[in-house]
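Visitor: Can you walk me through this one? I have it open and don't know where to begin.
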Amino acid sequence: MATATAAAPVKPRPPWLDAAVGQGLALLGAFLFAGIVGAIIIMLYGERPLFVYRVIWEFSTARASDFAKVLELATPLIFSGLAVAVAFKAGMFNIGVEGQYIVGMATATVAATFFELPAVIHLPLVVLFAMAGSMVWAGVPAVLKVKTGAHEVVTTIMMNGIAVSLVAWALLNPLRTTETGLVDLRSDRFPDSARMPFLAPTFGLEEQIPRSVNLTWLFPVALLACFAVWFLLYRTRLGYEVRAVGSSPGSAEAGGISTGAVQIKIFLISGALAGFVGLNHVLADAGFLGVNYERELGFTGIAVAFLGRNHPVGVPLAAIMLGLLFRGEDGIAIATDLPREIVIILEGLLILSVVVAYELVRRWLVRRQQRTVRAEEGADSAAA
Amino acid sequence: MPLLDVGAVVALGFQYFTIIYLTAIGGLFSERSGIVNIGLEGLMVVGTVMGAWGSINWGPVAGLLIGAAAGMLFSLVHAVATVTFRVDHIVSGVVINVVALGLARFLSQLFFGSASQSDSGIPHFDKIDIPLLESIPFGLGRAFQNLSPITVVAFLLAIPVLFVLSRSRFGLRLRSAGENPEATRTLGVRVAPLRYAGVAISGTLAGFAGAFLAIEVNELYQEGQTQGLGFIALASLILGNWSPLRVMLGAMLFGLATGIPLRVDIPGIPEQFVRMIPYIVTIVAIAGFVGRVQPPAAAGKAYEGAGGT
C-alpha cells in the first residue's frame, strides 16, 4: 500500500490542516478584497486609503482606554453573535435577536426598579429577568416553527416589530418614572444594587481607563459564554444533536433525534444569550431604560456570527474586530473629510466577501476530500 | 366623525397593498426561478433612499426609475452570491438586508446631509380620482379618490405578470428552473441566466416599491420606513402559494392590516397595541397556512450540475 500511494495525485495531509489553511486563506482573501474595494471608495472621496485605515487602527488601539472602549463595544456584539451562531448550528436563523433583547431590557428594568434587594441577589435577578424575557420572545417563533412550519425568518422579524411597540407602551405606562420635570421619557433610575460593576476599579486601572468607558464585568461574562457555548456544542449530547440537525435534519430524525425538540431547545438558548445583549447599555451606560432602546445590536450580531464562522472562538474575535471599526468611526470623523458611515460600508463589504470566500473554501475542501478518498480507493484496489 | 373612516382606511390600505404586491411579485419571479430571496426588505430599503434622491433632483418619474434600477443592481449581489458562488440563499439574503441598512445610512448622509432622513415633501405625482367608483356607498367610494397613479398601475400589473409567468416561453423556462433544473438543463436551456433574471426582476420591483413608499406614500426618505414590509411581502408569497392572483389577495389582506392601524383609534386600546396588528396578522397567517402550501420544488437549493449553468 505504501508504494501505491506514491502514484496518488494528492499527497495525504491531515484534514484539519487543509481546513485551517483554507479558512486562513479565505479570511485573508476576504479582507484583501474588502480592503481594496473600500480603498477605491475612499479614493473617490479624495482621501488616502492607507491613512484612513491607519486612523481606524490608531484610534482603537493607541491607548489602554481606546482599546477598553473597543472591548465595551464588542461586549454586546459577542452575545448577539453567539445568539445567532447557536441557532445557526441547528440550521435556524434567529433574525429576532433585536426584538428579544429589547424585551429583555424591559424585563430587566422591571426587576431593577420594582425590587429592593442586596446586590448579590438583585443583580443576578435582573440578569435572570432579562434572559427570561428574551427566551419568551424567542420561544414563540420556535414553537410556531416546530408546530406549524412557519419559517422563523418571517416570524422573528414580526416579533421584532411587536417588541418595539410593546416596550414603547411599557415605557409610557408601568415602567415610566414618577420623577417629574423630565424632558425625555424614561424609567426610574436603577439602584446601585442593580448596576453592573466596572472592570477598571477591580484591576486598579482607574487612571488609564476613565469612568466614561463602560467596560464592565459583562465582558468576561461574554467570554465565559463563548466557552459555555463551545462546551455545549462540542462536548454535550444536546450539542451533538444540534449539529446533527443543522447539517442534515433528515438523517438526524432517522437517527432517532427529535428534530423539533432540539430546535426549540437551541432557540431558547439563543434567546437566553440575546437577553444579555442590551444589559451593558441599561445596567452600565444609562442606568435606566430610555427611549433609545432600539440599538440595532441584533442585526450587527448577524454580521458578527457570519464573520466569526458561527464558531464560539470566531465570534468574540469578529466582535472585537467590528468594535475596532466602530471605535475607528470617531477617528474618521475627526481626522478625515469622509462621512463616518464609510465604516458601515467597509463592514458590509467585509461580510459579503467573507461569506463568499468561506463558501468557496468549503467547496474546495469537499472536492479535495473526494479526490483523497478516490485516490485511497484506487490505491486499495491496486494493492488487492 | 364615525369611529372608522372606511374610505380613508381602505385608501391607505391600497397604498400598502401596492408596496407589498409589487415586492411580492418580484419575489415570485425569484422564487419560481429557484432562488429564495429574503433580501426583499433590503432591496426595498435601497429603493427608498435612491428613489427619494432621484425624485428630489429630477422628479418622481426619475425617482421611481432610479429606485428600481438601484434595487436591480443591488439584487445582482444576491444573484452572484447564490447562483455563481452557490452561497446559501438565506445566508446571502440576510447579508443583503444587513448591508442595505448600512448602505442606506451612507447614501442618506451623502445625499441629504443626514444619515437618517431627507427633507419632507419631496416631489411626487398628482393624485388621481377613479371615475364612477366614487359613488360606492358606505364611504367606500372615497377609497378610490386621491389615489397615486402607481397604485392603479400595480393593480393592472397582475395581468401581464400572469401572462409572462404562465403563458410566455420565458415564464415557462423560469418556472422549470425552479421546479427541476436538471430537466431544464437536459433540454438545452441554461439555468443560471434564468435565475439571474428572476433575481433581477425581484430587485427591480422591490426597488420600485421602495421608491414608491418614499416618494408617493411618505413624501420623504426616513431610516426604517420600510418597517418589515419586505418580509410581509414574503409572507404574502407564502400565503398566496406562489401563484400571482392568490398573492394579490394575500397582499391585499396585509396591505389593509398595515394601513388600518395608522387611521383607526379604538378607545380603551393603546395605540401601541393597534400598531402590532400587521405583525400579528402576518404571524397568524403564516402559521395557519404554511403547512398547506407548496413552494417551488428546487427553491433554495443550489444547482450543481454542469458547472451551475
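Visitor: What is the mean pLDDT of chain A?
Guide: The mean is 90, and 96% of the residues of chain A reach 70 or more. pLDDT is the predictor's confidence in each residue, from 0 to 100. This is a predicted model: local features need pLDDT of at least 70, side-chain atom pairs count only at pLDDT 80 or more, and totals for chains, interfaces and linings use all residues. Residues are numbered from 1 along each chain as its sequence is written, with chains lettered from A and ligands numbered from 1 in the order in which they are written.

Visitor: Where in chain A is confidence lowest?
Guide: In helix α1 (residues 2–5) of chain A, at a mean of 48, while helix α9 (residues 218–235) of chain A is highest, at 97. Helices (H or I, at least four residues) are DSSP runs, numbered from the N terminus. Over residues 1–6 of chain A, pLDDT stays under 50. Where pLDDT is low, the predicted coordinates should not be read in detail.

Visitor: New topic. How many residues does each chain put into the contact?
Guide: Chain B gives 39 residues and chain A gives 34. Two residues are in contact if their C-beta atoms, placed from the backbone, lie within 7 Å.

Visitor: Which element gives the most on the side of chain B?
Guide: α4(B), with 14 residues.

Visitor: And by class, what is on that side?
Guide: The side of chain B that touches chain A has 28 nonpolar residues (Ala, Val, Leu, Ile, Met, Phe, Trp, Tyr, Cys and Pro), three charged (Asp, Glu, Lys and Arg) and eight polar (the others, Gly among them).

Definitions and conventions:
Helix = DSSP H or I, 4+ residues; strand = E, 2+ residues; numbered from the N terminus.
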